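Work through the exercises below with the sequence and the model open beside you. Try each task before you read its solution.

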Protein chains: 2
Amino acid sequence: MTRRSEKIDLPVAKVRRYLEPGPIVLMTSAFGGARNIMTMGWHTVMEFTPSLIGCVIAAGNHSFELVRKSRECVINLPTTALTDEVVGIGNTSGAEVDKFAKFALTPQPARRVAAPLIRECHANFECKLADGALIDKYNFFIFEVVKAHVARTPRHPRTLHYTGDGVFMVAGKIISRRRQFRPALLSE
Amino acid sequence: MTRRSEKIDLPVAKVRRYLEPGPIVLMTSAFGGARNIMTMGWHTVMEFTPSLIGCVIAAGNHSFELVRKSRECVINLPTTALTDEVVGIGNTSGAEVDKFAKFALTPQPARRVAAPLIRECHANFECKLADGALIDKYNFFIFEVVKAHVARTPRHPRTLHYTGDGVFMVAGKIISRRRQFRPALLSE
């Protein structure tokens, strides 16, 4: 509980701030006594309220069945501090190894789902399956974020953005163009 | 034609390199004598072959009907050189103004679709609607990229990544972890 208190609650309608820029994420899942972590880059925000995220989980991944059967997951946001773990997790199979142990990551209980949070990540988004209509055809899952935990600092985490072939772009500088926006497109 | 020769063809299976990192894109569309440009950030790669991209076009946008009726679009990739244009396009409606004229952008004919390419963008991906099953429920379009044009340089463009509330993250440094990848996950 003390570790979890390092993060604050984020209104789920605001997860776009972290996911829309396209970071690689670590998806955790659990079902029937098994658990896993996978590296994922194919995801998009789909709605603010309800807070919907669409993503592709390739059917060959060990996580696919854990997520499909449990209908839950946690989307964890790593920063460059976890680059080796992101690469290692993406290049091993959960069918053969417990990735929490292998990569020395700390599972923490989630509030609304059975899948664990990864303590070392900047943010954790607890998700429940909202629509599985495109799973069979495209391996595409639509999740509702039901609980969001984020670290207080840094305000803009140095996330990893995959470009294929082993190459990542690291999140760079932040620029604000708030003054040029119509008020209706801004919150707060 | 001379202007178009500045870009080279990219195999459509490789568009993930440009879109997976989560850049803001400019979507162009055309139908019945009308054309438009919209700023879009909610998209994801869904498959390599066929080259599928899923994205959300809010139903209130002028582009929604142009895309839905024409079943085509072009996804154009701007860099920081077009920051003012990206913001301006996202804060005006194509129902009231021709955005090519207003923002001094150059339309170029596409090869496979009626929607125009934007010459000033780093890359242009011509798309045809592959699956419209989730349009009514989520405004979610699944496109197949049928032709891809990219500038030769720079190899890693400085793309814009939106975080909401008028704030963008700019693409930062590039790091390679190729040596830590399983060969099956690398191409070339």
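**Exercise 1. Find where D165(B) sits in chain B, and describe its backbone.**

Solution. D165(B) is placed in the loop between β11 (160-162) and β12 of chain B, where helices (H or I, at least four residues) and strands (E, at least two) are DSSP runs numbered from the N terminus. Its phi is near 55 degrees, which is a positive value in a residue other than glycine. Next, look at N139(B), whose phi is also positive, near 55 degrees, although this residue is not glycine. N139(B) belongs to the loop between α5 (135-138) and β10 (140-151) of chain B.

Before going on, note that this is a predicted model, in which local features need pLDDT of at least 70 and side-chain atom pairs count only at pLDDT 80 or more, while totals for chains, interfaces and linings use all residues. Residues are numbered from 1 along each chain as its sequence is written, chains are lettered from A and ligands numbered from 1 in the order in which they are written, and side-chain values use heavy atoms, with hydrogens and water left out.

**Exercise 2. Describe the contact between chain A and chain B.**

Solution. Begin with the residues: 55 of chain A are in contact (heavy atoms within 4.5 Å) with 55 of chain B. Then take the buried area, that is, the accessible area (1.4 Å probe) that two parts lose on being put together, summed over both; between these chains it is about 5100 Å², and carbon and sulfur atoms give 58% of it. Of the area that chain A buries against chain B, 15% is supplied by W42(A), N91(A) and D165(A), more than by any other three residues.

Now consider charge. Side chains of opposite charge can pair when their charged atoms come close. Counting as a salt bridge a side-chain nitrogen of Lys or Arg within 4 Å of a carboxyl oxygen of Asp or Glu, there are 4 salt bridges between chain A and chain B. One of them joins K137(B) to D131(A), with the closest N and O atoms 3.5 Å apart.

**Exercise 3. Which element gives the largest share of the side of chain A that touches chain B?**

Solution. The largest share, 10 residues, comes from β12(A). This strand pairs with β12 (residues 167-176) of chain B in the antiparallel sense over 7 bridges, where pairing requires that DSSP finds at least two bridges between the strands. Within this pairing, A171(A) has A171(B) in β12(B) as its bridge partner.

**Exercise 4. Follow R35(A) through its strand pairing and its salt bridge.**

Solution. First, strand β2 (residues 25-31) of chain A and β3(A) run antiparallel and are joined by 7 bridges, and in β3(A) the residue opposite A30(A) is R35(A). The hairpin of these two strands has 2 residues between them, and in it G32(A) takes a positive phi near 55 degrees. Second, R35(A) forms a salt bridge with D98(A), the closest N and O atoms being 3.0 Å apart. This pair links distant parts of the chain, since R35(A) lies in strand β3 (residues 34-40) and D98(A) in the loop between α3 and α4 (99-102) of chain A, 63 residues apart.

**Exercise 5. Locate the cis peptide bond that leads into P50(A), and then look at chain B.**

Solution. The bond from T49(A) to P50(A) is cis, with omega near 0 degrees, and P50(A) is found in the loop between β4 and β5 of chain A. In chain B, the bond from T49(B) to P50(B) is cis, with omega near 0 degrees, and P50(B) lies in the loop between β4 (43-47) and β5 (52-56) of that chain.
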